[in-house]
Amino acid sequence: MINTLADRIRGLASLFWREVAKFGAVGGVAFVIDNGLTYYLMHGVMSDSEAKARFVGATVATVFSWIANRFWTFRHRRQDNVVREFVMFIVINGIGIGISTGFTAIAKYGMNIQDKDILFSAGVVGILVATVVRFFAYRFLVFNKELDEEPAFSHDHELIEAHRRAEAQTEAGSGEGEDAVKRR
């Protein structure tokens, strides 16, 4: 049983790191889209609206990110209700966009920084903070379909239930009695 549980933990860790790597690749491309478009807009048609330029860049990158994460990073966790999934994704990205745009706005309006390179960098720091928030929100709130269909994890419930039964038997033998076992 301990080996089976250890195998399960190794499998989950491996899946987690694969998801992190894919999320990182998608995020890298989205980062280039976001910052490339933001930089272009900041030095062009939105030269006086750095926070708005960051918002536009982040919005375009968000659409790319949803498609790539849905069909690649978390393809095994896609929800059956695409509309709900997309709405959750937009809400979470709205928070992320608020973080990155907020860093730019705080630098410009709160700290009275006018240098475009510093304002651009403030947005990049905001993106890094928002990325951590997004990964865990995507993983646990947006793309959260159970792994029951995943062949490598088809015995999840058996392992968990066997572990609970073993704990209950141990507690029953230590004096808690049958009532404690039945409550579980």
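# A walk through an all-helical chain

Thr73 is found in helix H2, and this residue makes a convenient place to begin. The model is a predicted one, and what follows is a reading of that prediction. With a relative accessible area of 1%, Thr73 falls under the 20% limit and therefore counts as buried. Its C-alpha atom lies 8.3 Å from that of Val20, although the two residues, Thr73 and Val20, are 53 residues apart in sequence.

From this one residue the view can be widened to the whole chain. The secondary structure comes to 6 helices and 0 strands, and the elements, taken from the N terminus on, run α-α-α-α-α-α. Of the 184 residues in the chain, 34% count as buried. Four of the helices will recur below: H1 spans residues 2-42, H2 spans 50-73 and H4 spans 116-142, while H3 covers residues 82-110.

A second pair of residues can be followed from helix H1, where Tyr40 is found. Tyr40 and Ala53 stand 13 residues apart in sequence, and their C-alpha atoms are 8.6 Å apart in space. Unlike the buried Thr73, Tyr40 has a relative accessible area of 60%, which is over the 50% limit, so Tyr40 is classed as exposed.

The charged contacts come next. Side chains of opposite charge can pair when their charged atoms come close. In this model the count comes to 3 salt bridges. One of them joins the side chains of Asp34 and Arg54, with a nitrogen-to-oxygen distance of 3.3 Å. This pair links distant parts of the chain, since Asp34 belongs to helix H1 and Arg54 to helix H2, with their positions 20 residues apart in the numbering. Both partners, Asp34 and Arg54, are buried.

Which residues are joined into one network by salt bridges that share partners? They are Glu50, Lys108 and Lys116. The side chains of Lys108 and Glu50 meet at 2.5 Å, N to O, and this contact again connects distant parts of the chain, with Lys108 in helix H3 and Glu50 in helix H2, 58 residues apart. The side chains of Lys116 and Glu50 also meet in a salt bridge, with an N to O distance of 2.5 Å; here the link runs from Lys116 in helix H4 to Glu50 in helix H2, across 66 residues of sequence.

Why do the members of this network fall into two accessibility classes, buried and partly exposed? The answer lies in their relative accessible areas, because values under 20% are called buried and those from there up to 50% are called partly exposed. Glu50, at 3%, is therefore buried, and Lys108, at 11%, is buried as well, whereas Lys116, at 23%, is partly exposed.

Between H3 and H4 the chain passes through a loop, and Asn112 lies in it. The phi angle of Asn112 is near 55°, a positive value in a residue other than glycine. Asn112 has a relative accessible area of 58%, so this residue counts as exposed.

Empty space in the model can be considered in the same careful way. Rolling a probe the size of a water molecule over the atoms shows where empty space is left. The largest pocket has a volume of about 290 Å³. Its lining consists of 19 residues, and those nearest the centre of the pocket are Gly27, Ala30, Ile127, Thr131 and Arg134. Helices H1, H2, H3 and H4 are the elements that each give two or more residues to this lining, and the largest share, 7 residues, comes from H1. Sorted by class, the lining of the largest pocket holds 8 nonpolar, 9 polar and 2 charged residues.

The last feature lies on the surface. Val83, Val87, Val91, Ile95 and Val133 together make a nonpolar patch of about 430 Å². Helix H3 gives the most to this patch, with 4 residues. Val87, one of the patch residues, is found in helix H3. The relative accessible area of Val87 is 45%, so Val87 is partly exposed, and because this value is over 30%, Val87 meets the accessibility limit that patch residues must pass.

Note on methods:
Residues are numbered from 1 along each chain as its sequence is written. This is a predicted model: local features need pLDDT of at least 70, side-chain atom pairs count only at pLDDT 80 or more; totals for chains, interfaces and linings use all residues. Side-chain values use heavy atoms; hydrogens and water are left out. Patches are made of residues with over 30% relative accessible area and no salt bridge: like charges are joined within 9 Å, nonpolar side chains (Val, Leu, Ile, Met, Phe, Trp, Tyr) within 5 Å. Accessible areas come from the Shrake-Rupley method with a 1.4 Å probe; for residues, only the protein chains shown count as cover. A salt bridge is a side-chain nitrogen of Lys or Arg within 4 Å of a carboxyl oxygen of Asp or Glu. Buried means under 20% relative accessible area, exposed over 50%, partly exposed in between (1.4 Å probe, protein chains only). On a 1 Å grid over the protein atoms alone, a cavity is a set of points where a 1.4 Å probe fits but cannot get out, and a pocket is an open set with protein on both sides within 12 Å along at least five of seven lines; lining residues have an atom within 4 Å of a point. Grid points are joined across faces, edges and corners, and a volume is the space filled by probe spheres set on the points. Ala, Val, Leu, Ile, Met, Phe, Trp, Tyr, Cys and Pro count as nonpolar, Asp, Glu, Lys and Arg as charged, and the others, Gly among them, as polar.
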